[in-house]
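Me: I have a structure here and want the reasoning behind its labels. Take me through them briskly.

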Amino acid sequence: MDALYLLILVGLYAVTHALVWALDRLRNAP
Amino acid sequence: MSPETRFVLLLALFLVVIVLCVKPLGGYIADIMEGRPNFASRLGGRFEALIYRICGIEPGREMAWSEYAIALLLFNILGAFLVYGLLRLQAFLPLNPQKFPGVGGDTAFNTAVSFITNTNWQSYSAESTLGYLAQMAGLAVQNFLSAATGIAVAIALIRGFARHGTKTIGNFWVDLTRCTLYLLLPLSLILALVLAAQGVVQNFAGYKDAATIETLTYQNPKSDAAGHPLVDAAGNPVTEAATTGTQTLPMGPVASQEAIKELGTNGGGFFNANSAHPYENPTAVTGILETFAMFVIAFALTYTFGRMVGDARQGWVLLITMLILFVPLVLLAFQAEQHGNPVFARDSVDQIASAAQAGGNMEGKETRFGIAASALWAAVATGTSTGAVNSAHDSLMPLGGFVPMFLMQLAEVAPGGVGTGIYSILMFAVLGVFIAGLMIGRTPEYLGKKIETLEMKLASVFILTTPFVVLIGTAVAVLTEAGKAGIGNPGAHGFSEILYAFTSAGNNNGSAFGGLTATSVFYNVSIGLTMFIGRYWPIMAALAIAGSLAQKKRVPVTEGTMPTHGPLFVALLLGSILLIGVLTYVPALALGPIVEHLMLPAGH
């Protein structure tokens, strides 16, 4: 059970990190 | 003097005191965040330097927006792991005199996300669930750090407006340290001492059993082996008669947690009754101080903004906008509660205020506070992102309940949480000048920075993320059995309970309509996800805008530049905030509090 909730936390981090990457790409787009 | 006059005087006095504090406190925040030497840095400078040395931080090294964002995100997620571990393992940890077992996984997940996001949604009864170590090292620490995180984002965004031709927006670790060390810790220490002097509990003792004067006989709800309440065939709770001659008095380090709970606009109570509990809020003085503490930093940051961008008038304009949004709504909340329930009036129940009674709707209100202090608190706690309560919001009249919900749905800008309020209203300012630019056919500018397509895309991500998670969460809950199982009241009010819960979670407020049983796995997980996305996705967009603005050159002011320090800009900003809030949420509000209000005369 703990693994599931910790995995959700890691997933939320990963998705938000990906958002930073996407927004940075948006900024650098011509 | 009528209750209405008394309330207006209370509100006016309260707001005057807040506004008087804005300039000195806002200027102080600008000083500490910009690293200007002052008495605080002279006192704490060596300790600050020691923190940097121990943590390997180079305070002079500036960060690009993406580095700032990742540092913030990483720091916060590590906080979530820490809180989760403390809650799950508390049975094996010290400072747990009541020997509470470890918290369930779904509740620990929800609570960890709740406290790192500054929400403080509590799906547990604190005094019967958490030991003192979990409360202090888990929750109170996050109360400081989540508040400091919000202020750091605000300062980074302000730097974006203030700087030009640079890629950097500050150093997250330095902002976090300075805000905690020089602002939140000293103010919390002072407030905690005053609260303790007023009678707020502060100790590590186990709970006390006190003999009551009378033996009490009551109906005790029965539970099954799994702890779920038993109900009979008609759905009524199964109870058994019980008697007791003792009352358990909870103890703990309350004052120290209460101070940052209000100052950091966190809101998580040490006790389940939150600030209605006499050990959290024992006197009229503590009630006023706690209400004041919720507002003061959020409003002061408007002056910090003005100072940092080099034009104090820009900050005053934001403050006036916040007040124009707040004042009518708090008056509406008071009026709805003092007016009482028309169904009772039809049955000839006297609801008129007199020397013998408060009048109005006193259901769910602490008699020590009455209607005025409860209505003011409800609006202050939801106008900020605090979410602390001193009355039961579920028992407010439909319009009284509409006010806290709508204050949250305005994206928490009146005045919003510490940091979150100022960066949220700045997003609406960006949107406002863009709309004005479209109307008059000029390139929109704000504080000498051109607002272009990129900023509008990022502002759209910021503004739309929260309504998206709030409305999708509400829709999923009303469409699923797991969601509907938590509803405490049928019909429109049941919908209001769900809408309020997701509104509170998405806007990182934390208050609730308590009729909703949100302790299930469904609510713990869905509200946890809502809180996380509602907090960090807008923050990432705000930091991206900060990075973009910092890089831009400053455009000189010309005759065609729209002034952003006058009444026209206030109207534009109000229009943007209300337009987005109303268009987004009115359909949902119409199904909840508005229809409840319309059904009242019919006796429903």
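Reply: One definition to start. A nonpolar core is a set of buried Ala, Val, Leu, Ile, Met, Phe, Trp, Tyr and Cys residues joined through side-chain atoms within 4.5 Å. Note that this is a predicted model.

Me: What makes B:M540 stand out in the largest nonpolar core?

Reply: The largest nonpolar core has 182 residues. B:M540 is one of those that touch the most other members, along with B:F161, B:L183, B:I297, B:F305, B:Y446 and B:L543. Helix α17 of chain B, residues 521–551, gives this core its largest share, 17 residues. Leaving aside neighbours within four places in sequence, B:M540 contacts residues of both chains, among them A:L19, A:V20, B:W65 and B:L72.

Me: Why is there no bond between B:C55 and B:C179?

Reply: A disulfide needs the sulfur atoms within 2.5 Å. The sulfur of B:C55 is 16 Å from its closest cysteine sulfur, in B:C179, so the two are too far apart for a bond. The search of the whole structure finds zero disulfides over all chains.

Me: Which is buried and which is exposed, B:C55 or B:C179?

Reply: Exposed means over 50% relative accessible area, buried under 20%. B:C55 has 51%, so it counts as exposed. B:C179 has 0%, so B:C179 is buried.

Me: How do you know that B:D106 has no salt bridge?

Reply: The cut-off is 4 Å. The nearest side chain of opposite charge, B:R88, is 7.2 Å away, and B:D106 is buried without a salt bridge.

Me: What does the side chain of B:D106 make a polar contact with?

Reply: The side chain of B:N524, at 2.9 Å. The limit is 3.5 Å. B:D106 lies in helix α4 of chain B and also touches A:Y5, B:T519, B:S520 and B:V521.

Key:
Residues numbered from 1 in each chain as written. Chains lettered and ligands numbered in written order. Predicted model: local features only at pLDDT ≥ 70, side-chain atom pairs only at ≥ 80, totals over all residues. Heavy atoms only, no water. Helix = DSSP H or I, 4+ residues; strand = E, 2+ residues; numbered from the N terminus. Buried < 20%, exposed > 50% of the residue type's maximum accessible area, 1.4 Å probe, protein only. Lys, Arg positive; Asp, Glu negative; His and termini not counted. Polar contact = N/O pair within 3.5 Å; in protein donor to acceptor, adjacent residues only side chain to side chain. Contact = heavy atoms within 4.5 Å.
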